[in-house]
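Subject: Handing over a structure, with notes

Dear colleague,

Here is the structure I promised to pass on to you, together with some notes on what I found in it. Please keep it open while you read, so that you can look up each place as it comes.

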Amino acid sequence: VDFIEASILQLPERRDGNLPRDFAVEAYLDGSFTKHSSNSGFVADDVVRNTPHAFSHFTFEASGAEQIVVDIQGVDDLYTDPQIHTASSSSSTRFGRGNMGLRGMALFFASHRCNSLCHELGLTPFAHSPMPGD
């Protein structure tokens, strides 16, 4: 798993004052771009790769249930633009407006089904209501 490095490009002050000055910039990802999950609970049904969902689950356990990395998207296992949810209300403003805190964590686990990589990593299955096919 790897993430594209992002940078901020700040242009000098523009005369008209109406044009944007700050831009987020990152390298072009060549290949088939896939959105695997969102910050609001979406987890792709058509599992193309086990890595993205297992990675999110792993970040939750590795942080002692304090954080989870979601909104996984990119090409193969090279990702871009992730979102971090935090359990602590004192961290609710960290990681931007997309940090949905405990609600975001709960939404991920409401949709996540452990896959073979979760099992290989020894991740703890999360208790939830069964879905059709479970």
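Before the sheet can be described, one term is needed: two strands are said to pair if DSSP finds at least two bridges between them. Please also bear in mind throughout that this is a predicted model.

The overall plan

The chain has three helices and eight strands, and read along the sequence they follow the pattern β-β-β-β-α-β-β-β-β-α-α. Of the 134 residues, 31% count as buried. Among contacts between residues at least 6 apart in sequence, 49% join residues at least 24 apart. One pair that shows what being distant in sequence can look like in space is leucine 121 and alanine 54, which are 67 residues apart in sequence and 8.5 Å apart in space, C-alpha to C-alpha. Leucine 121 is found in the segment after H3 and is partly exposed, with a relative accessible area of 47%.

The strands

Strands of a sheet pair through backbone hydrogen bonds, either parallel or antiparallel. Four strands of this chain form an open sheet in the order S1-S7-S6-S4, with mixed pairing, and its edge strands are S1 (2-3) and S4 (33-35), each of which pairs on one side only. S1 and S7 (residues 78-79) pair in the parallel sense over two bridges, and in one of these places aspartate 2 has leucine 78 in S7 as its bridge partner.

Another pairing joins S2 (residues 6-10) to S3. S2 and S3 (residues 22-26) pair in the antiparallel sense over five bridges, with glutamine 10 standing opposite aspartate 22 in S3. Of the five residues of S2, the number buried is zero, so this strand lies largely in the open.

Helix H2 and the core

Which residues of helix H2 (residues 101-111) are buried? They are Gly101, Gly104, Met105, Phe108 and Phe109. Seen down the axis of H2, these buried residues fall within an arc of 130 degrees, so they line one face of the helix. It helps to recall that an α-helix has 3.6 residues a turn, so residues three or four places apart point the same way. On the other side of H2, Leu102 and Arg103 are exposed, while what covers the buried residues includes helix H1 (51-62), strand S5 (67-70) and strand S8 (83-86).

The largest nonpolar core has seven residues in all, namely Val43, Phe60, Ile68, Val70, Met105, Phe108 and Phe109. The elements that give two or more residues to this core are S5 and H2, and H2 gives the most, with three residues. To follow one member of the core outwards, look at phenylalanine 60, which, leaving aside its neighbours within four places in sequence, is in contact with Ala65, Glu66, Gln67, Ile68, Met105, Phe109 and Phe126.

Histidine 112 and the cysteines

Histidine 112 has its place in the loop between H2 and helix H3 (116-120), and at 2% relative accessibility it counts as buried. The side chain of histidine 112 makes a polar contact with the side chain of histidine 57, at 3.1 Å.

How many disulfides are there? The count comes to zero, and the reasoning needs a cut-off, because a disulfide is a pair of cysteine sulfur atoms within 2.5 Å. The sulfur of cysteine 114 is 4.2 Å from the closest cysteine sulfur, in cysteine 118, which is too far for a bond. The two residues can also be described by their exposure: cysteine 114 is partly exposed, with a relative accessible area of 24%, whereas cysteine 118, at 0% relative accessibility, counts as buried.

Two backbone angles to look at

Most residues other than glycine have a negative phi. Aspartate 71, however, has a positive phi near 60 degrees; aspartate 71 lies in the loop between S5 and strand S6 (73-75) and is buried, with a relative accessible area of 11%. Phenylalanine 95 likewise has a positive phi, of about 70 degrees, although it is not a glycine. Phenylalanine 95 lies in the loop between S8 and H2 and is partly exposed, with a relative accessible area of 32%.

With best wishes

Methods: Residues numbered from 1 in each chain as written. Predicted model: local features only at pLDDT ≥ 70, side-chain atom pairs only at ≥ 80, totals over all residues. Heavy atoms only, no water. Buried < 20%, exposed > 50% of the residue type's maximum accessible area, 1.4 Å probe, protein only. Arc of directions from axis to C-beta. Contact = heavy atoms within 4.5 Å. Polar contact = N/O pair within 3.5 Å; in protein donor to acceptor, adjacent residues only side chain to side chain. Core = buried A, V, L, I, M, F, W, Y, C linked by side-chain atoms within 4.5 Å.
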